[in-house]
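Trainee: I have a new structure open and no idea where to begin. Can you walk me through it?
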Amino acid sequence: MSGPSPRPLAGIRVVDFSSMIAGPYCSRLLADCGAEVLKIEERTGDHMRTGRPLRDGHSAYFGHLNCGKKSLAVDLKAPEGRAIAADLVATSDVVLENYRPGVMKRLGLDYASLAKRRPELVYCSISGFGQAGPRAGQPAYAPVVHAASGFDHTQFAYQDGQDRPAKTGIFVADVLAAVYAFGAIQTALIGRLRHGTGQFIDVALMDSMINLLIFECQEAQFPGDTRRHLYVPLSARDGFVIVAPISQRNFEQLADAIGHPDWKTDVRFATAQARSTHWTLLMNEVERWTTPRSARQCEDTLMAAGVPCSRYLTVAEAMADPQTVARGTMATVEDAAGPFLVPNPPFKFADGSVGAQPAVPQLGQDTRAVLADILKMDAGQIDRLVERSVIDAPGASVPTSDWAARAR
């Protein structure tokens, strides 16, 4: 009987200096694919360790972003701490960081410094506005970039009856930049495999958000005379639904399903151009059908007819949806407070070799084992670093040689 399939990034080591969301989300995807991720944290820990929801002092928010990694607590302000970091990079394939531009250079941990010892290094920096340019040094979190990129203004312009842009609570820029960084790192690893060279990668949240605005970038250059038609929530008896009859076939199926076959020959709706011109009228007519019916009935009727339609679910409802369950979208991970669910990556490998790994590291839990196994430090050396507050190394850790077994 054969064993489990090898994980795609098994054997790749990542030194992850990032914190908050964008960097950790990227490195979590790398860990999901089998990379060994060494998360270098301040001795006080990643700020997200205090993020709600908390259970017995442990953050599920942090766990969502950092399961499957090893945690090392290292003071990078101390010369010995920086030396430890540089020595770990010298044995690694990838560096990931999301400090403000210039910080890593001041620490002597920038790409130019580290590539002298490790020319084949793939080094990825994530920042708000990029590593160069007039705004490079400005502080930026996702909500700031949402506003700066035109994303918030576009969403505001698409709404009716609002007097200001919407509040921000979902950090699209962070997740989007993380996904771009994830792809860029693997592209650079393939480039190294083919050409033998390392790479410096500069990922900007600003660029990521502008890439999201496909239609809007083109309309900004070539404004139209009419407003783009929008997909709107339609009232149902107990909530809302959204209906998206995009193709001609979708529209004809919609007309038949709600008892208006006459719409197929109505000059206001019969063609895509006519529907675009009279889109608001069409949606108002569809809403007359949805309003007296339950959202579930609307969805079931229209989806059965081949018309794209959905109820507006809560996140909890989406997590429990039969399709989510059948697909194995959620995985169980565990920290010191107990088990909880996080999403698997949105891509599935047929051999099951990619997925969220079950263990969430406690702060510094792997410091001692990593320094011993990778840097070959003895217990006395490690204890002296602890005494001088260069590192924190609480308790016993899982040896590097056992990492693959734990990850499975």
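Mentor: Start with one contact, and keep in mind that this is a predicted model. The side chains of Glu80 and Arg388 form a salt bridge, with N to O at 2.6 Å.

Trainee: Where in the chain do Glu80 and Arg388 sit?
Mentor: Glu80 is in helix H3 (residues 79–90), and Arg388 is in the loop between helix H18 (379–387) and S14. The two are 308 residues apart, so the pair links distant parts of the chain.

Trainee: Is Glu80 buried or exposed?
Mentor: In between: Glu80 counts as partly exposed because its relative accessibility is 33%. Arg388 is also partly exposed, with a relative accessible area of 46%.

Trainee: Why would two such side chains pair at all?
Mentor: Side chains of opposite charge can pair when their charged atoms come close.

Trainee: How many salt bridges are there in the whole structure?
Mentor: A search finds 23. One of them joins Lys264 and Asp256, at 3.0 Å from N to O. Lys264 is partly exposed at 31% relative accessible area, and Asp256 is partly exposed at 42%.

Trainee: What about Glu285, which residue does that one bridge to?
Mentor: Arg288, with the closest N and O atoms 3.3 Å apart. Both residues lie in helix H13 (residues 279–290), where they are 3 residues apart, about one turn of the helix. Arg288 counts as exposed because its relative accessible area is 62%, and the cut-off for exposed is over 50%.

Trainee: Which residues are linked in a network of salt bridges?
Mentor: Asp93, Arg118, Glu120 and Arg192 are linked that way.

Trainee: New topic, the sheet. What is the strand order in the open sheet of 7 strands?
Mentor: The order is S8-S7-S6-S1-S2-S5-S14, and the pairing is mixed. Strand S8 (199–204) and strand S14 (391–392) are the edge strands, each pairing on one side only.

Trainee: And in the middle, in which sense do S1 and S6 pair?
Mentor: Parallel, over 3 bridges, with S1 covering residues 13–16 and S6 covering residues 94–97. To find the spot on screen, look for Asp16, which stands opposite Leu96 in S6.

Trainee: Which strands does helix H8 lie across?
Mentor: Helix H8 (residues 172–195) lies across S6, strand S7 (122–127) and S8. The helix runs at about 165° to S7.

Trainee: Now S12. Which way do its side chains point?
Mentor: They alternate along strand S12 (residues 330–335). Ala331, Val333 and Asp335 point to one face and are buried, whereas Met330, Thr332 and Glu334 point to the other face and are not buried. In a regular strand, side chains alternate between the two faces of the sheet.

Trainee: What joins S12 to S13?
Mentor: 6 bridges, and the two strands run antiparallel, with S13 spanning residues 338–343. Glu334 stands opposite Pro339 in S13. Together S12 and S13 form a hairpin with 2 residues between them.

Trainee: Last one, the surface. Which residues make the nonpolar patch of about 270 Å²?
Mentor: Val315, Met319 and Leu341 make it. Met319 lies in helix H15 (residues 315–320). At 34% relative accessibility, Met319 counts as partly exposed.

Notes. Residues numbered from 1 in each chain as written. Predicted model: local features only at pLDDT ≥ 70, side-chain atom pairs only at ≥ 80, totals over all residues. Heavy atoms only, no water. Pairing = 2+ DSSP bridges. Helix = DSSP H or I, 4+ residues; strand = E, 2+ residues; numbered from the N terminus. Contact = heavy atoms within 4.5 Å. Axes fitted to C-alpha atoms, helices over the stretch in contact; angles between N-to-C directions. Salt bridge = Lys/Arg side-chain N within 4 Å of Asp/Glu carboxyl O. Buried < 20%, exposed > 50% of the residue type's maximum accessible area, 1.4 Å probe, protein only. Patch = residues over 30% accessible without salt bridge, like charges linked within 9 Å, V, L, I, M, F, W, Y side chains within 5 Å. Areas by Shrake-Rupley, 256 points an atom, 1.4 Å probe, with all protein chains shown as cover.
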